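Please open the structure in your viewer and keep the selection tool at hand. The tour below proceeds stop by stop, stating what to select and what is found there.

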Amino acid sequence: MLKQQAGDGKRTSLHGNWSSRMAFILAVTGSAVGLGNNWKFPYIAGQNGGGAFVLVYLICVVAIGMPVMMSEILIGRRGRRNPVSTMELLGKEEGSSGKWRWVGSLSVLAGILILSYYSVIAGWTLAYVVKSAAGVFVGASSEMVESEFNAFVGSWQLVGFCHTLFMALAVFVVARGVERGLERAVKFMVPALLFLMLVLLGYSINSGHFGEGVSFMFTADWSRLTWGSVLAALGQAFFTLSIGMGAIMAYGAYLPEETSITGASAAVVTADTAIAILAGLAIFPLVFANGLNPADGPGLVFDTLPLAFGQMAGGMFFSTIFFVLLSFAAWTSAIGLMEPAVAWIVERLNRTRAEAALIIGGAIWVIGFGSVLSFNVLSDVKFLAGTIFDNVDYLTSNIMLPLGGLMITIFAGWVMCRNSTSDELGGSGGLYKAWRLLARYVAPIGILIVLFNAVS
Ligand code: PHE
């Protein structure tokens with residue numbers, strides 16, 4: 001997927017270029033579509049009361065997510081290095097300072113911390129592939145499905161084993177370089193996942209509680225909306241789009257000159273949002289039909305979907321396929337989470353990709369045990385936002401990603417000169433003006449208002 005490209009006078013990336021516009025869109029979609037859409041979105045929406053949260057999330061995606069994503073791609077493509085070096089280089093080139101590299105460093109750290117818990121949940125999906133294929137959920141009641149989940153996460157050995165397995169898979173692909181295999185996987189995976197979400201949606205519609213699910217998701221009770229849930233919606237928008245932490249910047253570094261950044265961003269944002277909404281529409285009716293609690297937390301998807309599959313004809317098959325696809329989706333996201341750190345080590349410390357992937361993967365694996373133990377041995381250890389898992393999640397999604405996004409839009413909107421950005425975005429027409437307005441004012445001010453009100 002990455003082609004060496006040289007000799008056109010422009011800066012080139014050490015790691016090569018995407019072979020086509022489609023390859024780039026698929027890679028970014030692969031990074032964006034993951035556990036954030038199918039696992040996190042439903043439970044966060046559930047915990048924050050549904051409707052009003054979903055609307056704020058959608059506003060954040062359009063008004064903040066979209067301009068941040070475009071800014072990251074254009075910065076990445078202009079710098080053509082890892083996020084740390086790119087920010088340093090462009091900071092100097094645009095007449096500001098090399099200190100902008102700290103934004104890159106923050107993103108390397110955010111990727112490592114996010115993957116440390118992401119891998120644990122991805123490990124759950126691996127385990128659920130096996131459980132589904134073994135027919136554990138066939139005809140199961142909601143109590144049975146819930147106790148299966150509790151017994152599983154209660155075992156740190158099992159959860160730790162699955163986390164180890166997932167990290168090994170992630171390191172394996174990153175070590176080999178981002179190549180054909182990944183592109184093919186994504187090409188097949190995103191449509192297949194969409195298809196299965198539609199099957200589930202069809203089932204949900206027939207569950208008899210579809211209306212209840214829809215009104216939970218779309219009826220906004222503004223009185224229940226706190227600044228805390230607005231921040232959760234903002235954090236979720238960043239998390240699900242993979243922005244604010246350099247993953248998209250790193251991918252942008254391998255983007256050919258002629259590709260439209262606006263078009264690619266719009267395609268990715270649309271696909272990612274559609275999958276999240278579909279997941280919500282499939283899950284909430286099932287929650288109400290089975291008397292489950294929408295504010296159940298991280299186990300929500302692992303309780304509702306196996307239950308629904310268990311009642312369906314051919315459910316064993318569909319359930320297995322669903323968790324395989326979800327594992328794939330998590331896998332392609334994990335690669336994006338590691339890419340800033342790995343590219344940085346390769347370029348700065350002169351290591352091979354394989355060495356870099358092992359070093360970073362090893363560190364993430366160790367840190368991940370904080371989250372592995374949060375569901376069993378250390379489940380009573382609570383501080384600030386809750387367990388260790390809750391704290392790593394809160395710190396990264398709700399603080400680090402929005403701060404990263406804030407700095408990135410300030411950089412693209414205020415530090416970079418007009419010529420540089422209009423050059424990358426292809427002209428200075430209406431779309432460019434809209435981007436600039438959002439990147440200079442709407443996104444940074446919006447992020448600051450939310451952060452300020454939620455934290456104070
Ligand atoms: N967007 C991914 C998801 O929704 C998570 C992710 C975040 C991936 C940041 C890469 C970078 O699952």
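**First stop: an aromatic pair**

Select F302, which is buried, with a relative accessible area of 1%; buried means under 20% relative accessible area, exposed over 50%, and partly exposed in between, with a 1.4 Å probe and protein chains only. The model is a predicted one, in which local features need pLDDT of at least 70 and side-chain atom pairs count only at pLDDT 80 or more, while totals for chains, interfaces and linings use all residues. Residues are numbered from 1 along each chain as its sequence is written, and side-chain values use heavy atoms, with hydrogens and water left out.

Now add Y128, which is also buried, at a relative accessible area of 0%. A search of the whole structure finds 25 aromatic pairs. Rings of Phe, Tyr and Trp (its six-membered ring) pair if their centres lie within 6.5 Å; planes under 30 degrees apart count as stacked, over 60 as edge-to-face and the rest as tilted. Y128 and F302 form an edge-to-face pair, with 5.0 Å from centre to centre and 70 degrees between the planes. This pair links distant parts of the chain, for Y128 is in helix α5 and F302 in helix α13 (residues 300-311), 174 residues apart. Helices here are DSSP runs (H or I, at least four residues), numbered from the N terminus.

**Second stop: helix α14**

Select F328 and W331, which form a tilted pair: 5.6 Å centre to centre, with 45 degrees between the planes. Why are F328 and W331 separated by about one helical turn? The reason is that they are three residues apart in helix α14. In general, an α-helix has 3.6 residues a turn, so residues three or four places apart point the same way. F328 is partly exposed, with a relative accessible area of 28%.

Next, select I321, which is found in helix α14 (residues 315-348). I321 is partly exposed, at a relative accessible area of 32%. Draw a distance from its C-alpha atom to that of V173: the two are separated by 21 Å and lie 148 residues apart along the chain.

Move on to F322. Leaving aside neighbours within four places in sequence, F322 is in contact (heavy atoms within 4.5 Å) with L196, M197, L200, L305 and F309.

**Third stop: the nonpolar core**

A nonpolar core is a set of buried Ala, Val, Leu, Ile, Met, Phe, Trp, Tyr and Cys residues joined through side-chain atoms within 4.5 Å. Select M69, I75, L115, W124, F322 and M338, which touch the most other members among the 158 residues of the largest nonpolar core. Helix α5 (residues 101-133) gives the most to this core, with 17 residues.

Remain on α5 and select T125, which has its place in that helix. T125 is buried, with a relative accessible area of 0%. Beyond its neighbours within four places in sequence, T125 is in contact with L35, F302, F323, L326 and S327.

L126 is likewise placed in helix α5. Is L126 buried or exposed? L126 counts as buried, at 17% relative accessibility. Not counting residues up to four places away in sequence, L126 touches C162, L165, F166, L169 and S327.

**Fourth stop: the ligand**

Select the ligand and the 14 residues around it, of which A32, G36, Y118, F239 and S242 come nearest; a residue belongs to this group if one of its heavy atoms lies within 4 Å of the molecule. Three polar contacts can be displayed, a polar contact being a pair of N or O atoms within 3.5 Å; within protein, one must be able to donate a hydrogen and the other to accept it, and residues adjacent in sequence count only if both atoms are side-chain atoms.

- A polar backbone atom of L35 is 3.0 Å from an oxygen atom of the ligand.
- A backbone N or O atom of G36 lies 2.8 Å from an oxygen atom of the ligand.
- An N or O atom in the side chain of S242 is 3.0 Å from a nitrogen atom of the ligand.

The protein covers 100% of the 330 Å² of accessible area that the ligand has on its own, as computed by the Shrake-Rupley method with a 1.4 Å probe; for residues, only the protein chains shown count as cover.

**Final stop: helix α4**

Select helix α4 (residues 83-93), which is mostly covered: eight of its eleven residues are buried. The cover over these buried residues includes α3 (51-79), α5, α11 (247-252), α14 and α16. At the start of α4, a side-chain oxygen of N82 reaches to within 3.0 Å of the backbone nitrogen of V84. Just after α4, G95 takes a positive phi of about 80 degrees.

Terms used. Helix = DSSP H or I, 4+ residues; strand = E, 2+ residues; numbered from the N terminus.
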